[in-house]
Amino acid sequence: MQLAFVIPAHNEEALIGNCLQSVLAEVRRSGRDVEIVVVNNASTDRTKEIAQSYAGVRVVDEMEKGLVAARDAGFRATTAELVANIDADTVVPAGWIDTVLDEFARPPRIVCLSGPYYYYDLSAWNRFLVSLFYGVTYLIYLLNRFVLRVGSVVQGGNFVFKRSAWLKAGGYNRAIKFFGEDTDVAVRLSKIGGVKWTFRLKMWTSGRRLAEEGVFRTAGTYALNFFWVTFAGQPATKKYTDVRPESGNSER
(Lines give C-alpha, C1' and ligand atoms only; values in the text may rest on other atoms or scores of the structure.)
Protein backbone atom coordinates (compact mmCIF):
# COMPACT_ATOMS: atom_id res chain seq x y z
CA MET A 1 0.00 0.00 0.00
CA GLN A 2 1.43 3.39 -1.01
CA LEU A 3 2.30 5.95 1.67
CA ALA A 4 2.57 9.75 1.64
CA PHE A 5 3.89 12.12 4.32
CA VAL A 6 2.13 15.48 4.73
CA ILE A 7 4.10 18.00 6.82
CA PRO A 8 2.53 21.43 7.53
CA ALA A 9 5.09 24.14 8.29
CA HIS A 10 4.55 27.76 9.32
CA ASN A 11 7.84 29.57 10.08
CA GLU A 12 9.62 26.34 11.00
CA GLU A 13 13.10 27.13 9.65
CA ALA A 14 14.68 26.04 12.93
CA LEU A 15 13.21 22.53 12.93
CA ILE A 16 12.02 21.54 9.45
CA GLY A 17 15.48 20.30 8.45
CA ASN A 18 15.69 17.79 11.31
CA CYS A 19 12.20 16.57 10.53
CA LEU A 20 12.92 16.01 6.84
CA GLN A 21 16.24 14.32 7.55
CA SER A 22 14.45 11.83 9.81
CA VAL A 23 11.71 11.18 7.24
CA LEU A 24 14.21 10.65 4.42
CA ALA A 25 16.34 8.35 6.61
CA GLU A 26 13.30 6.25 7.49
CA VAL A 27 12.22 6.07 3.84
CA ARG A 28 15.70 4.87 2.84
CA ARG A 29 15.77 2.34 5.67
CA SER A 30 12.33 0.95 4.75
CA GLY A 31 13.07 0.80 1.03
CA ARG A 32 9.56 2.07 0.27
CA ASP A 33 8.51 4.44 -2.49
CA VAL A 34 7.02 7.29 -0.46
CA GLU A 35 5.61 10.74 -1.31
CA ILE A 36 6.88 13.58 0.90
CA VAL A 37 5.00 16.89 0.78
CA VAL A 38 5.80 19.93 2.90
CA VAL A 39 3.02 22.51 3.05
CA ASN A 40 4.50 25.98 3.34
CA ASN A 41 1.72 27.61 5.38
CA ALA A 42 2.22 31.34 4.76
CA SER A 43 5.76 31.28 6.17
CA THR A 44 7.79 34.50 6.27
CA ASP A 45 11.12 32.86 7.08
CA ARG A 46 13.32 30.33 5.19
CA THR A 47 11.01 27.34 5.74
CA LYS A 48 10.22 26.92 2.03
CA GLU A 49 13.83 27.40 0.93
CA ILE A 50 15.11 24.81 3.41
CA ALA A 51 12.43 22.25 2.51
CA GLN A 52 13.10 22.66 -1.21
CA SER A 53 16.79 21.91 -0.66
CA TYR A 54 16.03 18.25 0.13
CA ALA A 55 15.87 15.88 -2.83
CA GLY A 56 12.65 13.90 -2.95
CA VAL A 57 10.66 16.54 -1.08
CA ARG A 58 7.89 18.51 -2.79
CA VAL A 59 6.73 21.86 -1.40
CA VAL A 60 3.24 23.26 -1.92
CA ASP A 61 2.01 26.64 -0.74
CA GLU A 62 -1.11 27.26 1.35
CA MET A 63 -1.69 30.91 2.17
CA GLU A 64 -4.68 30.34 4.47
CA LYS A 65 -3.09 30.19 7.91
CA GLY A 66 -4.03 27.28 10.10
CA LEU A 67 -3.03 23.69 10.73
CA VAL A 68 -6.17 22.19 9.20
CA ALA A 69 -5.91 24.27 6.04
CA ALA A 70 -2.30 23.13 5.67
CA ARG A 71 -3.15 19.46 6.25
CA ASP A 72 -5.95 19.76 3.70
CA ALA A 73 -3.64 21.29 1.09
CA GLY A 74 -1.13 18.50 1.63
CA PHE A 75 -3.82 15.86 1.39
CA ARG A 76 -4.98 17.26 -1.94
CA ALA A 77 -1.38 17.34 -3.24
CA THR A 78 -0.78 13.63 -2.59
CA THR A 79 -2.16 10.50 -4.23
CA ALA A 80 -1.16 7.61 -1.93
CA GLU A 81 -3.86 5.60 -0.17
CA LEU A 82 -2.15 5.92 3.21
CA VAL A 83 -1.55 9.52 4.31
CA ALA A 84 0.82 10.10 7.24
CA ASN A 85 0.18 13.40 9.01
CA ILE A 86 3.17 14.60 11.01
CA ASP A 87 4.38 18.04 12.11
CA ALA A 88 7.46 20.07 11.26
CA ASP A 89 8.90 19.69 14.77
CA THR A 90 8.65 15.88 14.80
CA VAL A 91 11.46 13.37 14.32
CA VAL A 92 10.41 10.03 12.81
CA PRO A 93 12.03 7.06 14.60
CA ALA A 94 13.47 4.05 12.81
CA GLY A 95 10.83 1.41 12.15
CA TRP A 96 7.91 3.86 12.08
CA ILE A 97 6.94 3.00 8.48
CA ASP A 98 7.15 -0.74 9.21
CA THR A 99 4.80 -0.30 12.18
CA VAL A 100 2.31 1.64 10.05
CA LEU A 101 2.22 -0.92 7.25
CA ASP A 102 2.03 -3.83 9.69
CA GLU A 103 -0.90 -2.32 11.59
CA PHE A 104 -2.89 -1.54 8.44
CA ALA A 105 -2.31 -5.09 7.14
CA ARG A 106 -3.67 -6.73 10.29
CA PRO A 107 -7.27 -7.87 10.67
CA PRO A 108 -9.62 -6.37 11.55
CA ARG A 109 -8.84 -3.68 9.00
CA ILE A 110 -8.52 -0.15 10.34
CA VAL A 111 -8.96 3.21 8.61
CA CYS A 112 -6.76 5.28 10.92
CA LEU A 113 -3.76 4.69 13.17
CA SER A 114 -2.21 6.95 15.78
CA GLY A 115 0.18 6.84 18.72
CA PRO A 116 1.86 8.97 21.40
CA TYR A 117 4.53 11.63 21.37
CA TYR A 118 7.89 11.24 23.09
CA TYR A 119 9.41 14.63 23.91
CA TYR A 120 13.14 14.91 23.20
CA ASP A 121 13.66 18.32 24.82
CA LEU A 122 11.62 18.18 28.05
CA SER A 123 12.92 17.64 31.56
CA ALA A 124 12.66 14.16 33.09
CA TRP A 125 9.91 15.40 35.44
CA ASN A 126 7.79 16.79 32.62
CA ARG A 127 8.28 13.59 30.62
CA PHE A 128 7.03 11.65 33.65
CA LEU A 129 3.92 13.86 33.86
CA VAL A 130 3.28 13.33 30.16
CA SER A 131 3.49 9.55 30.62
CA LEU A 132 0.77 9.78 33.29
CA PHE A 133 -1.46 11.76 30.96
CA TYR A 134 -0.94 9.16 28.24
CA GLY A 135 -2.05 6.46 30.67
CA VAL A 136 -5.31 8.34 31.13
CA THR A 137 -5.50 8.91 27.37
CA TYR A 138 -5.34 5.18 26.70
CA LEU A 139 -8.19 4.52 29.13
CA ILE A 140 -10.29 7.23 27.43
CA TYR A 141 -9.45 5.66 24.06
CA LEU A 142 -10.75 2.27 25.22
CA LEU A 143 -13.87 3.86 26.70
CA ASN A 144 -14.73 6.01 23.69
CA ARG A 145 -13.97 3.42 21.03
CA PHE A 146 -15.24 0.19 22.54
CA VAL A 147 -17.76 1.15 25.24
CA LEU A 148 -19.42 4.47 24.40
CA ARG A 149 -18.64 4.15 20.67
CA VAL A 150 -18.50 7.94 20.27
CA GLY A 151 -15.11 8.17 18.63
CA SER A 152 -11.49 7.35 19.39
CA VAL A 153 -8.17 9.08 20.10
CA VAL A 154 -5.87 10.57 17.47
CA GLN A 155 -2.61 12.35 18.32
CA GLY A 156 -2.21 15.32 16.01
CA GLY A 157 1.18 15.13 14.34
CA ASN A 158 1.37 11.34 14.59
CA PHE A 159 -1.48 9.75 12.67
CA VAL A 160 -2.08 7.94 9.40
CA PHE A 161 -5.40 7.43 7.63
CA LYS A 162 -6.71 5.85 4.47
CA ARG A 163 -7.43 8.35 1.72
CA SER A 164 -10.59 6.51 0.63
CA ALA A 165 -11.96 6.56 4.18
CA TRP A 166 -11.19 10.25 4.70
CA LEU A 167 -12.90 11.16 1.44
CA LYS A 168 -15.92 9.15 2.54
CA ALA A 169 -15.90 11.01 5.87
CA GLY A 170 -16.05 14.34 4.01
CA GLY A 171 -12.46 15.57 4.33
CA TYR A 172 -11.08 18.35 6.48
CA ASN A 173 -13.25 20.92 8.24
CA ARG A 174 -11.35 24.17 7.62
CA ALA A 175 -13.49 25.97 10.18
CA ILE A 176 -11.27 24.26 12.77
CA LYS A 177 -7.92 26.03 12.89
CA PHE A 178 -5.85 24.22 15.52
CA PHE A 179 -7.32 22.78 18.73
CA GLY A 180 -9.58 19.78 18.22
CA GLU A 181 -8.46 18.97 14.66
CA ASP A 182 -7.22 15.53 15.64
CA THR A 183 -10.37 14.69 17.60
CA ASP A 184 -12.49 15.75 14.64
CA VAL A 185 -10.55 13.22 12.54
CA ALA A 186 -11.04 10.52 15.18
CA VAL A 187 -14.79 11.08 15.56
CA ARG A 188 -15.64 11.24 11.86
CA LEU A 189 -13.40 8.37 10.79
CA SER A 190 -14.83 6.20 13.59
CA LYS A 191 -18.10 6.27 11.67
CA ILE A 192 -16.30 4.75 8.67
CA GLY A 193 -14.14 2.09 10.34
CA GLY A 194 -11.69 1.31 13.11
CA VAL A 195 -9.50 4.11 14.49
CA LYS A 196 -6.68 2.59 16.51
CA TRP A 197 -4.38 4.29 19.04
CA THR A 198 -1.31 2.27 20.03
CA PHE A 199 1.89 2.75 21.99
CA ARG A 200 3.67 0.89 19.15
CA LEU A 201 3.51 4.01 16.97
CA LYS A 202 5.68 6.46 18.87
CA MET A 203 6.89 9.77 17.46
CA TRP A 204 9.61 12.08 18.78
CA THR A 205 8.70 15.74 18.95
CA SER A 206 9.57 19.07 20.54
CA GLY A 207 7.99 19.90 23.88
CA ARG A 208 8.20 23.65 23.21
CA ARG A 209 4.47 24.25 23.78
CA LEU A 210 4.47 22.25 27.01
CA ALA A 211 7.55 24.10 28.22
CA GLU A 212 6.11 27.49 27.26
CA GLU A 213 2.57 27.04 28.56
CA GLY A 214 3.11 24.39 31.24
CA VAL A 215 2.22 20.70 31.13
CA PHE A 216 -1.00 20.99 33.16
CA ARG A 217 -2.31 24.04 31.31
CA THR A 218 -1.57 22.50 27.92
CA ALA A 219 -3.08 19.15 28.91
CA GLY A 220 -6.17 20.92 30.24
CA THR A 221 -6.67 22.85 27.01
CA TYR A 222 -6.32 19.73 24.87
CA ALA A 223 -8.62 17.72 27.16
CA LEU A 224 -11.29 20.45 27.06
CA ASN A 225 -11.27 20.51 23.28
CA PHE A 226 -11.13 16.73 23.02
CA PHE A 227 -14.40 16.34 24.91
CA TRP A 228 -15.95 19.41 23.29
CA VAL A 229 -15.34 18.10 19.77
CA THR A 230 -16.33 14.54 20.71
CA PHE A 231 -19.70 15.52 22.14
CA ALA A 232 -20.44 18.94 20.62
CA GLY A 233 -18.77 18.63 17.23
CA GLN A 234 -16.59 21.74 17.49
CA PRO A 235 -13.68 23.01 19.62
CA ALA A 236 -14.20 25.29 22.60
CA THR A 237 -10.89 27.12 22.07
CA LYS A 238 -10.70 29.19 18.90
CA LYS A 239 -7.39 31.02 19.31
CA TYR A 240 -3.95 29.52 19.75
CA THR A 241 -0.39 30.74 20.16
CA ASP A 242 2.42 29.88 17.76
CA VAL A 243 5.40 28.76 19.82
CA ARG A 244 8.72 29.13 17.98
CA PRO A 245 12.20 28.12 19.15
CA GLU A 246 13.80 31.43 18.14
CA SER A 247 11.44 33.91 16.49
CA GLY A 248 9.03 34.45 19.37
CA ASN A 249 5.31 33.81 19.75
CA SER A 250 2.25 35.22 18.07
CA GLU A 251 -1.46 34.66 18.67
CA ARG A 252 -3.86 33.69 15.93
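# Exercises on a predicted model

Pro108 is situated in the loop that runs between α4 (96–105) and β6 (110–114). The exercises below concern a predicted model.

**Exercise 1. Determine what kind of peptide bond joins Pro107 and Pro108, and establish how far α4 is covered.**

Step 1. The bond between Pro107 and Pro108 is cis, with omega at about -5°.

Step 2. The loop holding Pro108 follows on from α4 (96–105) and leads to β6 (110–114). Seven of the 10 residues of α4 are buried, and the helix is therefore mostly covered, buried meaning under 20% relative accessible area.

Step 3. The buried residues of α4 are Trp96, Ile97, Thr99, Val100, Leu101, Glu103 and Phe104.

**Exercise 2. Identify the residues with the most contacts inside the largest nonpolar core, and state which element gives the largest share of that core.**

Step 1. The largest nonpolar core comprises 45 residues, and the most contacts inside it belong to Phe5, Ile7, Leu20, Val23, Ile36, Val38 and Trp96.

Step 2. Helix α1 supplies six residues, the largest share of this core.

Step 3. Beyond residues up to four places away in sequence, Leu20 touches Ile7, Ile36, Val38, Ala51, Tyr54 and Val57.

Step 4. A separate core of 24 residues lies apart from the largest one and includes Val60, Val154, Trp166 and Tyr172.

**Exercise 3. Classify Asn11 and Arg149 as buried or exposed, and locate each residue.**

Step 1. Asn11 belongs to the loop between β1 (3–9) and α1 (16–30), whereas Arg149 belongs to the loop between α5 and β8 (158–162).

Step 2. Neither residue is a glycine, yet phi is positive in each: about 50° for Asn11 and near 55° for Arg149.

Step 3. Asn11 counts as buried because its relative accessibility is 17%. Arg149 is exposed because its relative accessible area is 65%.

**Exercise 4. Trace the surroundings of Glu62, and explain what the salt bridge between Glu64 and Arg174 ties together.**

Step 1. Glu62 lies in the loop between β3 (58–61) and α3 (67–77), and with 12% relative accessibility it counts as buried.

Step 2. The Glu62 side chain reaches the backbone nitrogen of Glu64 at 2.9 Å. Residues up to four places away in sequence aside, Glu62 touches Val39, Asn40, Asn41, Ala42, Ala69, Ala70, Ala73 and Arg174.

Step 3. Glu64 and Arg174 form a salt bridge in which the closest N and O atoms are 2.8 Å apart. Glu64 sits in the loop between β3 and α3, and Arg174 in the loop between α6 (163–169) and α7 (181–190), so the pair ties together parts that are 110 residues apart in sequence.

Step 4. Both partners count as partly exposed: Glu64 at 30% relative accessibility and Arg174 with a relative accessible area of 24%.

**Exercise 5. Explain the spacing of the salt-bridge partners Arg76 and Asp72 in α3, and of Glu213 and Arg209 in α8.**

Step 1. A salt bridge joins the side chains of Arg76 and Asp72 at 3.1 Å, N to O. These residues are four apart in helix α3, so about one helical turn separates them.

Step 2. Arg76 is exposed, at 64%, whereas Asp72 is buried, at 5% relative accessibility.

Step 3. Glu213 and Arg209 also meet through their side chains in a salt bridge of 3.1 Å, N to O. They are four residues apart in helix α8 (residues 208–213), so they too are separated by about one helical turn.

Step 4. Glu213 is buried, with a relative accessible area of 18%, and Arg209 is buried, with 13%.

Step 5. Glu62, Glu64, Asp72, Arg76, Arg174 and Lys177 are joined into one network by salt bridges that share partners.

Conventions: Residues are numbered from 1 along each chain as its sequence is written. This is a predicted model: local features need pLDDT of at least 70, side-chain atom pairs count only at pLDDT 80 or more; totals for chains, interfaces and linings use all residues. Side-chain values use heavy atoms; hydrogens and water are left out. Helices (H or I, at least four residues) and strands (E, at least two) are DSSP runs, numbered from the N terminus. Buried means under 20% relative accessible area, exposed over 50%, partly exposed in between (1.4 Å probe, protein chains only). A polar contact is a pair of N or O atoms within 3.5 Å; within protein, one must be able to donate a hydrogen and the other to accept it, and residues adjacent in sequence count only if both atoms are side-chain atoms. Contact means heavy atoms within 4.5 Å. A nonpolar core is a set of buried Ala, Val, Leu, Ile, Met, Phe, Trp, Tyr and Cys residues joined through side-chain atoms within 4.5 Å. A salt bridge is a side-chain nitrogen of Lys or Arg within 4 Å of a carboxyl oxygen of Asp or Glu.
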